[in-house]
Amino acid sequence: MIIFKYDKSFEGLLTAVFDAYFRKEFPDMLLGLDEPGPLFIETEHIVTTDKEKTNRVWEGLEKKLSSNALNMITHVWLSELEKSDELIFRYIRKTFDNQQNIETNYADDDVLQMQKTAQKVSREKHRLTGFVRFVKTSDDIFLATLTPDHNTLPLIIQHFKDRFRDQQWIIYDLKRNYGYYYNLKEVSEMSLADTNMIKNGQLDESILAGNEKLMQQLWKQYFKSMTIRERINIKLQRQHMPVRYWKFLTEKYSS
Amino acid sequence: MKAEILNKLTILAESAKYDVSCASSGTTRHGSKGNLGSASGWGICHSFTEDGRCVSLLKIMLTNHCIYDCAYCINRRSNEVKRAAFTVDELVELTIEFYRRNYIEGLFLSSGVISDPDHTMVRMVQVIKILRTVHRFNGYIHMKSIPGCSQQLVHEAGLYADRLSVNIEIPTEKNLRLLAPEKDHDSVFKPMQFIQQGMLESAEERKKFSKAPKFVPAGQSTQMIIGATDETDLQVLQTTSFLYDKPGMKRVYYSGYIPVNQDDKRLPKIIQAPLVRENRLYQADWLLRFYGFKVDEIVDDSYPNLDLEMDPKLAWALRHPEHFPVDINKAEYQMILRVPGIGVKSAKLIISSRRFCKLSSADLKKMGIVMKKAKYFITCNELMMLNTVQEYTPEYVRKALTGEKISRKKPDQNQLSLVFDP
């Protein structure tokens, strides 16, 4: 069995593709640097992430794939699902090894799997643009916290930057412990040293802006009033808005 | 102040909720410096209420006082409900504060009619004008146009709103007059025409000056109440199709009648809103807009109502077995689209994948085609397909798919059965 070990970064993965073609040897398994391998290892290659090699592989892909398919690769990477790196690896190999463009051949398992995984990420991205809830703090920053299934934050930042230009905001991923801060000029990545003021996804009351409680109360009341009681359909509600997102939705958590 | 706002919000949201439209789609508008907000094109749902409906816009009435007495409406003059009215400033502030917290995509403003249509419309236009010009609000705005108001006001509203709508409410004029004596179809179609005219004029203007103001860029929509009157689905869908033929009509919504006014003799006594029928009408609506169907293919004089047990596409296929089976690897897109169990997305997947290789039923299954339905109507890259609607009969397929019991051969009476008790 041929094993490649790499640093679990996207650049590392592309470097692994480069190395494989260079060595004319293709891995059966991709592992992180300190992950234990299986019992029978024939060859083990340690990939050293290299900017140059990364770029060459990406440029090669740009020549063979549409921007849609390239987007799909980033989406699948951000899915953080197990073995999604191996899936991307196989997809890239198929792209390079075929004369014809393979991206619409959905009868191929890997192509279809890529499309489905990318769709999952894209669905969450779309959901989050709606489910992000800002809480206004006493220093006029609008803060939103969430724990997405996939690493979706980088994909939604542009939307919020476009929409809320005249207010400072932070969107924070509590699961991956990083977020983005917009300071009225630009967005920068940040991570909080201390998340003590956030409990169960909710901000400590002492740092809320003056009218924040009232607005939350109004929104909750509005949400309740909108329900048509003759048409209750809890199953449908949960299908559109899975319960795992509820703890960050102002209208769903109880005060 | 606080308690009063909460009270108003409750009353005016309760009165607005029976309007089913909540779409925030149709306009793509990026944010820009000094403005608040953007519009996303596909629309974004921000929440879902316990009835499973999406909350996208702040759907609210300016007031629920009304001079009309329409039988189907909860806010009619003769009802004893709590009445309230927002001031323009209150509503503007509420919209902005909700928007900044990403609760909503924008505002859906509607209103009961106070003193006369124009007077009401002036106040509504004031709200959206202040939002757009004073607060530089760039999010989505959907406004109801009040039947019977002047063209000039519709025109002004159209410059600030993304979408305007006038509800037709009852599919035929005869029944509308019965339930809403103060209204007729003319009072609905007039403002629709004003909107349409405004859109056409603006399109012409923009050919000359690309910076000319846009007029309701997301078009107009309307709503019909289903089941309050005796129209057949044929009549409903004919009205739908008539409306879609007009330029700028983006959506017709169907609202299953909810018995809000139980004591009115003109209305049917029902316990449950006709939700299945409503669902079937939406399916038929989709067939009209995205699948290339005509109304008379879905319902006609011999079948004036939609089959409640199955979707209208399947019903059509079973009435027309002569078109099937369809060869997945050869047939045109339009024909593949007509196969029950294949939607627009899967039809496109099929078309693009079959260039690479012949598709088998296993491939189709992986792509997400509902083989349970589709298998009776297709042939693909297998040796023999002997289980299509041609070999079975439409009656058999119908039973198999609607879950009616198919009579199996009774177990042989002469055969002894062995029962092992553990």
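Q: Over how many bridges do strand S8 (residues 163–165) of chain B and S9(B) pair?
A: This is a predicted model, so we're reading a computed picture here. In it, B:Leu164 stands opposite B:Gln220 in S9(B). The two strands, S8(B) and S9(B), pair in the parallel sense, and the number of bridges is two.

Q: Which residue of S10(B) stands opposite B:Met224?
A: Let's move along to the pairing of S9(B) with S10(B), which is parallel and runs over seven bridges. Within that pairing, B:Met224 faces a residue of S10(B), and that residue is B:Tyr254.

Q: Is S9(B) largely enclosed by the rest of the structure or not, and why?
A: Count the buried residues in the strand: six of the seven residues of S9(B) qualify. A residue needs 20 or more other C-beta atoms within 10 Å of its own to be called buried. With six of seven buried, S9(B) is therefore largely enclosed by the rest of the structure.

Q: Which strands stand at the edges of the open sheet in chain B?
A: Six strands line up in the order S5-S6-S7-S8-S9-S10 in chain B, and the pairing is parallel. A strand at the edge has a single partner strand, so one side of it is left without a neighbour in the sheet. That's the situation of strand S5 (57–61) and strand S10 (249–256) of chain B.

Q: By what angle are neighbouring strands of this sheet turned against each other on average?
A: Take the open sheet of six strands in chain B again. Ignoring direction, its neighbouring strands are turned against each other by an average of 20°.

Q: Which residue in S7(B) stands opposite B:Phe108?
A: Here we want strand S6 (residues 106–110) and strand S7 (residues 140–144) of chain B, which pair in the parallel sense over four bridges. Opposite B:Phe108, in S7(B), you'll find B:His142.

Q: At about what angle does helix H7 (residues 233–244) of chain B run to S10(B)?
A: Two helices lie across strands of this sheet, so let's take them in turn. Helix H1 (residues 2–16) of chain B lies across S5 and S6 of chain B and runs at about 100° to S5(B). Helix H7 of chain B lies across strand S9 (220–226) and S10 of chain B, and its angle to S10(B) is about 155°.

Q: Why is H3(B) called roughly parallel to H4(B)?
A: Two packed helices are described by the angle between their axes and the distance between the axes. Helix H3 (residues 117–133) and helix H4 (residues 151–160) of chain B have axes 9 Å apart and pack at an angle of about 20°. Angles under 35 degrees count as roughly parallel. So the angle of about 20° makes H3(B) and H4(B) roughly parallel.

Q: How do the residues of the contact of H3(B) with H4(B) divide by class?
A: H3(B) passes H4(B) in a left-handed crossing. Among the residues making the contact are B:Met121, B:Val125 and B:Lys129 of H3(B), with B:Leu153 and B:Tyr160 among those from H4(B). Sorted by class, the contact has seven nonpolar, no polar and four charged residues.

Q: Is B:Ser115 buried or exposed?
A: B:Ser115 lies in the loop between S6 and H3 of chain B. Its phi is positive, about 50°, although it is not a glycine. It has 9 other C-beta atoms within 10 Å, and 12 or fewer is the cut-off, so B:Ser115 is exposed.

Q: Is A:Asp140 buried or exposed?
A: Over in chain A, A:Asp140 lies in the loop between strand S4 (135–136) and strand S5 (141–146). Its phi is positive too, near 65°, and it is a residue other than glycine. Inside 10 Å it has 9 C-beta neighbours, so A:Asp140 counts as exposed.

Q: Which residue does a cis peptide bond join to B:Phe324?
A: Look in the loop between helix H10 (312–319) and strand S11 (326–327) of chain B. There, omega is about 0° for the cis bond, and the partner of B:Phe324 is B:Pro325.

Q: Which helix gives the largest share of the side of chain A that touches chain B?
A: The contact takes 39 residues from chain A and 44 residues from chain B. On the chain A side, helix H5 (109–131), helix H6 (153–163), helix H7 (212–226) and helix H8 (234–240) each supply at least two residues. The largest share is ten residues, and they come from H7(A).

Definitions and conventions: Residues are numbered from 1 along each chain as its sequence is written. Chains are lettered from A and ligands numbered from 1 in the order in which they are written. This is a predicted model: local features need pLDDT of at least 70, side-chain atom pairs count only at pLDDT 80 or more; totals for chains, interfaces and linings use all residues. Axes are lines fitted to C-alpha atoms, for helices over the stretch in contact, and angles run from 0 to 180 degrees between N-to-C directions. Angles under 35 degrees count as roughly parallel, over 145 as roughly antiparallel, 65 to 115 as roughly perpendicular and the rest as oblique. A crossing is left-handed if the near helix is turned anticlockwise from the far one by less than a right angle, and right-handed if clockwise. Two residues are in contact if their C-beta atoms, placed from the backbone, lie within 7 Å. Ala, Val, Leu, Ile, Met, Phe, Trp, Tyr, Cys and Pro count as nonpolar, Asp, Glu, Lys and Arg as charged, and the others, Gly among them, as polar. Two strands pair if DSSP finds at least two bridges between them.
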